[in-house]
Amino acid sequence: MTTAVLQRMASLTSRAFLEKAITVSWTPALEEAVRKNSSYRLNPLSLAKYVEFGEMKDHQQQLVQSCQFVKREGLVRLSHMIQEMRTLPSRMVMEDDVQSVYNWYLDSFKDLHHAPDLSHSNPNMKDVDEFTRVVKQILRRHEPTVMTMSMGFRKLKEGKKLRNEHYISNYLDRFLMSRIGTRFLLNQHLGLVDAESSISSTEMIGSIDKECNVKDIAEAAALNAQHLCESVGCVNAYLCS
């Protein structure tokens, strides 16, 4: 049997497992939307651009454009997350906790895909409100994602089903970084919608604190980590100046 045939058989087997892992309502049209959006490159998210956008004077137009950007960029990011999970070996995707997270991403992609499209000529605040409801729903759904994935991979490790820990470590690094970027994108939209939650218009833009001192926060985090190490008897790790 040739290598090409073996690779084809492995691909078909993997696809069968992925289809079996889907427990949410899923259609060929949604699968095509995932394929299409995952072919696009991720748009780098810079704080400078977020701040500039957040300072728009026309608040209604700002919210409409935020919905448009979140839908476009969110679909790309979620599709990449889905395709990234599909690179995992089938025995991992079929683990109960990992499978739950996989289906949460499918559900969230579907919700965002079907959310109001404000790119038409006459968007209104009713559409903005419905879109924002979907964003809140997605954020709530994914609150336990990190804990659930951790539990899944711990069970796989205990069952001796993790054969390449270096690969898994790299995968989880990419997964967590992608999750941070996606949640920031969605939370920033909510921050713009709920302007009253801001401390003040001069300090906060959405969820971004313009007066934030990153150095102070990093030093405080390092000090907390040092105290934690000391509390469990670990060797001190002093912060370099």
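Which residues line the largest cavity? The lining consists of Leu-78, Tyr-105, Ile-138, Leu-139, His-142, Arg-179, Thr-182, Arg-183 and Leu-186. The following paragraphs lead from the chain as a whole to its core, and then back to this cavity.

The structure is a predicted model, in which local features need pLDDT of at least 70 and side-chain atom pairs count only at pLDDT 80 or more, while totals for chains, interfaces and linings use all residues. Residues are numbered from 1 along each chain as its sequence is written, and side-chain values use heavy atoms, with hydrogens and water left out.

The protein chain has ten helices and two strands. Both kinds of element are DSSP runs numbered from the N terminus, helices being H or I runs of at least four residues and strands E runs of at least two. Read from the N terminus, the order is α-α-α-α-α-α-α-α-α-β-β-α. Of the 241 residues in the chain, 37% are buried; the term means under 20% relative accessible area, as opposed to exposed at over 50% and partly exposed in between, with a 1.4 Å probe and protein chains only. The chain exposes about 14600 Å², and carbon and sulfur atoms supply 56% of that area. Accessible areas come from the Shrake-Rupley method with a 1.4 Å probe, and for residues only the protein chains shown count as cover. Contact means heavy atoms within 4.5 Å. Among contacts between residues at least 6 apart in sequence, 74% join residues at least 24 apart.

The interior can be approached through the largest nonpolar core. A nonpolar core is a set of buried Ala, Val, Leu, Ile, Met, Phe, Trp, Tyr and Cys residues joined through side-chain atoms within 4.5 Å. This one holds 47 residues, of which Met-85, Tyr-105, Phe-109, Phe-131, Met-149, Phe-153 and Phe-175 touch the most other members. Helices that each supply at least two residues of this core include H2 (28-38), H4 (59-85), H6 (96-114) and H9 (165-193). The largest share, nine residues, comes from H4. Apart from residues up to four places away in sequence, Met-85 touches Val-93, Val-98, Val-101, Tyr-102, Tyr-105, Met-149, Tyr-171 and Phe-175.

Three individual residues add detail. Val-34 lies in helix H2 and counts as buried because its relative accessibility is 0%. Beyond its neighbours within four places in sequence, Val-34 is in contact with Trp-26, Ser-79, Ile-82, Gln-83, Arg-86 and Phe-109. The C-alpha atoms of Val-34 and His-80 are separated by 8.1 Å, although the two residues are 46 residues apart along the chain. Gln-62, in helix H4, is buried, with a relative accessible area of 3%. Its C-alpha atom is separated by 9.3 Å from that of Val-193, 131 residues apart along the chain. Asp-111 belongs to helix H6 and, at 18% relative accessibility, counts as buried. Leaving aside neighbours within four places in sequence, Asp-111 is in contact with Val-134, Gln-137 and Arg-141.

The cavity of the opening question can now be placed. A cavity is a set of points, on a 1 Å grid over the protein atoms alone, where a 1.4 Å probe fits but cannot get out; lining residues have an atom within 4 Å of a point. A search of the whole structure finds one cavity of 30 Å³ or more, and about 70 Å³ of space lies in the largest cavity. H7 and H9 each supply at least two residues of its lining, and H9 gives the most, with four residues. The lining divides into five nonpolar, two polar and two charged residues.

Definitions and conventions
On a 1 Å grid over the protein atoms alone, a cavity is a set of points where a 1.4 Å probe fits but cannot get out, and a pocket is an open set with protein on both sides within 12 Å along at least five of seven lines; lining residues have an atom within 4 Å of a point. Grid points are joined across faces, edges and corners, and a volume is the space filled by probe spheres set on the points. Ala, Val, Leu, Ile, Met, Phe, Trp, Tyr, Cys and Pro count as nonpolar, Asp, Glu, Lys and Arg as charged, and the others, Gly among them, as polar.
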